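Colleague: Got a minute to walk me through this protein? I'd like to get a feel for it before class.

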Amino acid sequence: MKSLDVITIGRASVDLYGAQVGGRLEDMGSFQKYIGGSPCNMAAGTARLGLKSALITRVGDEHMGRFIREELAREGVDVRGVTTDPDRLTALVLLGIRDETQFPLIFYRENCADMALCEADIDPALIADSRAVVATGTHLSHPRTEAAVLKALRLARDSGAQTALDIDYRPNLWGLAGHGDGESRFIESAAVTAKLQTTLHLFDLIVGTEEEFHIAGGSTDTIAALRAVRAVSQATLVCKRGAAGAVAFTGSIPDSLDAGETGPGFPIEVFNVLGAGDGFMSGLLKGWLDGESWPVALKYANACGAFAVSRHGCTPAYPSLEELTWFLKRGVVEPALRKDQALEQVHWATNRHNDWSTMRVFAFDHRMQMEAMEGATPQKIGDFKHLCLDAALRVQDGQPGYGILCDNRLGKSALHRASGSGLWIGRPVEWPGSRPLTLEPELGLDFGGLQEWPLEHVVKVLCFYHPDDTPEMRADHEATVLRLFQACRRNRLEMLLEVIPSKVAPVDDDTSAKIIQRFYDLGVYPDWWKLEPFTTDAAWAKACAAITRNDPYTRGVVVLGLDAPAEQLAESLALAARHDLVKGFAVGRTIFMDAARDWFAGRISGDQAIADMMAKYDHLCRVWDTARAKKDIAA
């Protein structure tokens, strides 16, 4: 049995997408960073659709190369074939959305890493482990990369794998247009046509736009071009026709494009055509490799292409399998898909990175509590938070499922140091103890401060909200939380919403469930909920039911500690662990309070403080793991 469904070969770049829409690339003020390059996009796109994909390419030995490798891994792509080139830089592409028809882009590919791909980079064992190999036209433009692609194709055919070509014609990548003409999609060239035609017989599937078949077939008459390709290849030919959909030809080419096999299209608003072909190809490959009929495969392809032209970016626009299935069942409601709130929620929630099915979080984001301690100063609080981080990292010891909550105002240095450690990182935004809810001044009145946040930081907000609050108080809380949620999504940041109604007024088994439902009714879909430790199973059942009926794709719930004694907290965690939606805990004062008091007062050393916190943190981790294991055994 082969462990891979598909391997793509060729370009891998970092796309720097202009964040502003409707102007020249010259006037872009900021950029969003995504992975890019057709093979890279397709590897991620097919992985999102449930295929086991891999990429063969080269990246530079620098930050952008590491970004591509890490992002592919997060998308579920096998990166065994991604070689690090010590001498060349990772390719970059600058792109923009000017209007519905103009999408300026500049390729920074001078002697870039992926164009150094060579035959030695093609591992026969990796090729033999895949059901299909997909090549793109750009890497046939240079003798070295062409040799690598041809070796991969020969090995694929020898191992019984299927082969596919995305013609992917970019004239300036064949040296036919200048650097400023990256948007150009077609320039006639007999040399390019001849080069392509020497390889077309090696493929079982060939995909391109009408212009791309023009270059492959050597004619600007589409039917004539398709017939010229058919003369040298028995592959299934899939011709993309933009708004007219796509058509597949498995045999001879008829007199009309309309006579081929087609799949249903989707009437959507075009926002951004860049990367649409790679989305289309991802859906097509899903159908092809699953053995679906061409109309079904083309339906998948058209839908994935529709997602791509409706959103910002290439790979980030592509759907998960859950999203595609949901969309095909429901259909188009809002032609501007990026404005379809229900669809966008499914897109966001089913394409999040990293597995956080277990959450053991050490919370030392406390500000007010530490500031009130004897001997505490802003500098000493910052130093103590480094000790907290040391304790967290030592208990984590490189294992998954651990995290921290740390603030930026007093804990900035520790917060920055935690980056890239493998810890889940939550960062608070509420002003401590505020009611009605107000936020840390660093966010600004427009919440623009979130633009400075690393994408790995999760926005945590604590709201002292109760259903019995006055209408004015509730409205104030709700407006702030809703604005914050929308700002988080605009800035590609996950959000954790913490509610503690028991600090406001008496609570019962229904209180938190009512609060949860209210925020969903407002359109707030937190990635995480942080809930107080309930004393009854009924309270947990009702809270979890309120979440799952509104958001089946939620990350889950973590339990807060409220400075409870360790024995009481252990009982609370055991009760919470009975519910699958509860992923773990986020506890602070139970872990750090004793050490903080003694360290600020000078009664213990830093090493002693770390040891004390490690012991308590590790104990809570073991309590949680034991409680969840008992639940799993009982199930």
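Modeller: Sure, let's go from the overall picture down to single residues.

Modeller: Keep in mind that this is a predicted model.

Colleague: OK, how many helices and strands does the protein have?

Modeller: The secondary structure comes to 20 helices and 21 strands.

Colleague: And what are its dimensions along the principal axes?

Modeller: The C-alpha trace spans about 85 × 55 × 50 Å. The radius of gyration is 27 Å, which agrees with the value near 26 Å that a compact globule of 635 residues would have.

Colleague: What share of the residues counts as buried?

Modeller: That would be 57% of the 635 residues. The accessible surface comes to about 24900 Å², and 50% of that belongs to carbon and sulfur atoms.

Colleague: What about contacts between residues that sit apart in sequence?

Modeller: If you take contacts between residues at least 6 apart in sequence, 73% of them join residues at least 24 apart.

Colleague: Can you show me that on a real residue? Say, where is Thr8?

Modeller: Thr8 is found in strand β1, which covers residues 6-9. Thr8 counts as buried because its relative accessible area is 1%, under the 20% cut-off. Leaving out residues up to four places away in sequence, Thr8 touches Pro39, Met42, Ala43, Ala54, Leu55, Ile56 and Val134. There's also Ala164: it is 156 residues from Thr8 along the chain, yet their C-alpha atoms are separated by 9.3 Å.

Colleague: Got one from the other end of the numbering? Which helix holds Trp599?

Modeller: Trp599 lies in helix α19. With 15% relative accessibility, Trp599 counts as buried. Apart from neighbours within four places in sequence, its contacts include Lys380, Asp383, Phe384 and Leu387, and Ile604 and Ala609 are also among them. Trp599 and Ala376 are 223 residues apart in sequence, but 9.2 Å apart in space, C-alpha to C-alpha.

Colleague: Switching to charges. How many positive and negative ones are there?

Modeller: There are 67 positive and 84 negative charges, and the mean positions of the two sets are 2 Å apart.

Colleague: Why would opposite charges pair up at all?

Modeller: Side chains of opposite charge can pair when their charged atoms come close. In this protein the count comes to 44 salt bridges.

Colleague: Pick one. What does Arg311 pair with?

Modeller: One partner is Glu323, with the closest N and O atoms 2.8 Å apart. That pair links distant parts of the chain: Arg311 is in the loop between α9 (294-309) and α10 (321-330), while Glu323 is in helix α10, 12 residues apart. Glu344 also meets Arg311 in a salt bridge, at 2.7 Å from N to O. This second pair links distant parts of the chain too, with Glu344 in helix α11 (residues 341-350), 33 residues apart from Arg311.

Colleague: And is Arg311 buried or exposed?

Modeller: Arg311 counts as buried, since its relative accessibility is 4%. Glu323 is buried as well.

Colleague: Do you have a pair inside one helix to set beside that? Where are Arg597 and Asp594?

Modeller: Both lie in helix α19 (residues 589-600), 3 residues apart, which is about one turn of the helix. Their side chains meet in a salt bridge at 3.8 Å, N to O. Arg597 is partly exposed at 43% relative accessible area, and Asp594 is partly exposed at 42%.

Colleague: Which residues are linked in a network of salt bridges?

Modeller: One network links Asp365, Arg367, Glu371, Arg409, Glu430, Glu440, Lys460, Glu498 and Lys530.

Colleague: Last topic: backbone oddities. What's the usual case?

Modeller: Most residues other than glycine have a negative phi, and most peptide bonds are trans.

Colleague: So where is there a cis peptide bond here?

Modeller: A cis bond joins Arg435 and Pro436, with omega about 10 degrees. Pro436 sits in the loop between β16 (424-428) and β17 (457-463). Phe447 lies in the loop between β16 and β17 too, and it has a positive phi of about 60 degrees although it is not a glycine. Phe447 is buried, with a relative accessible area of 7%.

Colleague: And what is the phi of Asp168?

Modeller: Near 45 degrees, so a positive value in a residue other than glycine. Asp168 is in the loop between β9 (162-166) and α5 (190-197), and it is buried, with 5% relative accessible area.

Note on methods
Residues numbered from 1 in each chain as written. Predicted model: local features only at pLDDT ≥ 70, side-chain atom pairs only at ≥ 80, totals over all residues. Heavy atoms only, no water. Helix = DSSP H or I, 4+ residues; strand = E, 2+ residues; numbered from the N terminus. Rg over C-alpha atoms; globule rule 2.2 N^0.38 Å. Buried < 20%, exposed > 50% of the residue type's maximum accessible area, 1.4 Å probe, protein only. Contact = heavy atoms within 4.5 Å. Areas by Shrake-Rupley, 256 points an atom, 1.4 Å probe, with all protein chains shown as cover. Lys, Arg positive; Asp, Glu negative; His and termini not counted. Charge placed at Lys NZ, Arg CZ, Asp CG, Glu CD. Salt bridge = Lys/Arg side-chain N within 4 Å of Asp/Glu carboxyl O.
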